Amino acid sequence: MVERGVAVVVEDDDDIRTSLKEVLLQSGFSVFETSSGSEGVKAVREHNPVIVTMDVGLPDFDGIEASRRIRTFSDAYLIIVTGRVEEADALMGFEAGADDYLTKPFRPRELRARIAAMLRRPRSISSVPGDRNAAPRALAAPQPAAPAVPAVVDAPPAPAGPVVLCDFEHRGLTLHEGSRSAAIHGVSLDLTRTQFDLLLVLMENGRVVQTKADLVRRLRNEPYNTGSFVTAGEERTVEVHLGNLRKRLGDSSRSPRWVETVRGVGYRLAP
Ligand code: CA
């Protein structure tokens with residue numbers, strides 16, 4: 001079995017923790033198990049995992065807060081595992097920098113699919129594993145989970161100067177695929193992996209509408225024509241990520257500069 005690196009499981013339910021661990025071990029990860037928010041954050045700091053699964057209801061502080069703390073120093077692929085049906089957890093998780101979420105009852109097949117998708121997608125090169133001072137996320141500043149605060153105003157991570165490399169440009173928004181960087185008028189944007197991937201697809205395709213299913217498949221790195229099954233939950237996940245992308249861009253859904261919604265169909269780049 002190929003060694004994929006380290007996974008950290010944060011989960012206070014013994015049975016679920018064991019199941020998560022089993023799937024991750026089978027997928028080739030070494031697994032560190034923790035059962036509280038503080039242990040989880042500590043384990044991520046010590047072991048520099050590639051992937052983290054994060055329960056929401058934990059005995060000390062919740063998984064959303066733990067995710068937010070982890071995001072200040074780690075670029076691990078972070079999956080929220082929530083027992084609640086409400087989408088609020090997932091929404092807050094994405095606000096806190098999560099890449100994906102799973103709902104309980106947890107199904108091993110779903111986690112395997114998430115892992116497979118993660119492994120097909122490139123890691124952001126902006127991350128410097130183990131260096132907690134590298135590229136702190138905009139969400140590092142502790143603030144309540146009040147949504148709709150555009151993160152664009154946050155200072156760029158490093159005085160790297162204006163971004164000159166770009167593959168795509170539209171109304172001052174530039175994107176460079178190789179360095180996985182995006183900027184507005186030269187000011188770096190702090191995007192999650194998924195937000196970057198979505199923006200890339202939209203900029204690549206311009207005015208050609210991307211359906212939510214197209215975007216889900218693209219995030220799985222599947223070609224469009226596979227017609228593979230996409231669940232309503234996955235489409236909803238894409239909606240949430242796009243909403244967060246908009247916030248990061250400081251874009252408006254009513255009069256978009258960049259991300260235009262085509263009602264009932266999908267999304268495309270604004271004219
Ligand atoms: Ca729990």
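In what order do the five strands of the open sheet run, and is the pairing parallel or antiparallel? The order is β2-β1-β3-β4-β5, and the pairing is parallel. Before I go further: this is a predicted model.

At the edges of that sheet are β2 and β5, each of which pairs on one side only. Neighbouring strands are turned against each other by 20° on average, with direction ignored. Take one pair from the sheet: β1 and β3 run parallel and are joined by four bridges. Within that pair, V9 stands opposite T53 in β3. Helix α1 packs on the sheet and touches β1, β2 and β3. The direction of α1 makes about 165° with that of β2.

One residue of α1 to look at is R17. Its relative accessibility is 14%, so R17 counts as buried, the cut-off being under 20%. Leaving aside neighbours within four places in sequence, R17 is in contact with V9, E11, D12, E33, T34 and S35. Of these, S35 is 18 residues from R17 in sequence, and the two C-alpha atoms are 8.3 Å apart.

D12 brings me to the metal. Which protein residues are donors of the calcium ion? They are D12 and D55, each through OD, and G57 through O, at 2.1 to 2.3 Å from the ion. Along the chain the donors follow the spacing D-x42-D-x1-G. D12 sits in the loop between β1 and α1, and G57 in the loop between β3 and α3, so the pair ties together parts that are 45 residues apart in sequence. As for accessibility, D12 is at 35% and counts as partly exposed. G57 is partly exposed too, with a relative accessible area of 32%.

Next, helix α3, where S67 is found. S67 has 0% relative accessibility and therefore counts as buried. Not counting residues up to four places away in sequence, S67 touches M54, L78, I80 and A96.

Now helix α5, residues 108-120. At 1.5 Å a residue, its 13 residues should span 18 Å, and the end C-alpha atoms are 19 Å apart, which agrees. Which residues of α5 are buried? They are E110, L111, R114, I115, A117 and M118. Seen down the axis of α5, these buried residues fall within an arc of 160°, so they line one face of the helix. The general background is that an α-helix has 3.6 residues a turn, so residues three or four places apart point the same way. What covers the buried residues of α5 includes the helices α1 and α7, and the strands β2, β3, β4 and β5.

M118, in α5, can serve as the example. It is buried, with a relative accessible area of 6%. Leaving aside neighbours within four places in sequence, M118 is in contact with F29, V50, I51 and Y77. M118 and D99 are 19 residues apart in sequence, and their C-alpha atoms are 9.4 Å apart in space.

Then there is α6, residues 193-205. This helix has 13 residues and reaches 19 Å from its first C-alpha to its last, close to the 18 Å expected at 1.5 Å a residue. How many of the 13 residues of α6 are buried? Eleven are, so α6 is largely enclosed by the rest of the structure. Among them are R193, Q195 and D197, along with F196 and the leucines L198, L199, L200 and L202. After α6 comes G206, with a positive phi near 55°.

Helix α6 also leads to another sheet. It lies across β10, β11 and β12, running at about 65° to β12. Those strands form an open sheet of three, in the order β10-β12-β11, with antiparallel pairing. The edge strands here are β10 and β11, and each pairs on one side only. β11 and β12 pair over four bridges in the antiparallel sense. In that pair, V259 stands opposite L269 in β12.

To recap: there is an open sheet of five strands with parallel pairing, and α1 packs on it. There is also an open sheet of three strands with antiparallel pairing, and α6 lies across its strands. The calcium ion has D12, D55 and G57 as its protein donors. That is what I have for today.

Note on methods
Residues numbered from 1 in each chain as written. Predicted model: local features only at pLDDT ≥ 70, side-chain atom pairs only at ≥ 80, totals over all residues. Heavy atoms only, no water. Helix = DSSP H or I, 4+ residues; strand = E, 2+ residues; numbered from the N terminus. Expected span 1.5 Å × (residues − 1). Buried < 20%, exposed > 50% of the residue type's maximum accessible area, 1.4 Å probe, protein only. Arc of directions from axis to C-beta. Contact = heavy atoms within 4.5 Å. Donors = N, O, S within 2.8 Å, 3.2 Å for Na, K, Ca; no water. Pairing = 2+ DSSP bridges. Axes fitted to C-alpha atoms, helices over the stretch in contact; angles between N-to-C directions.
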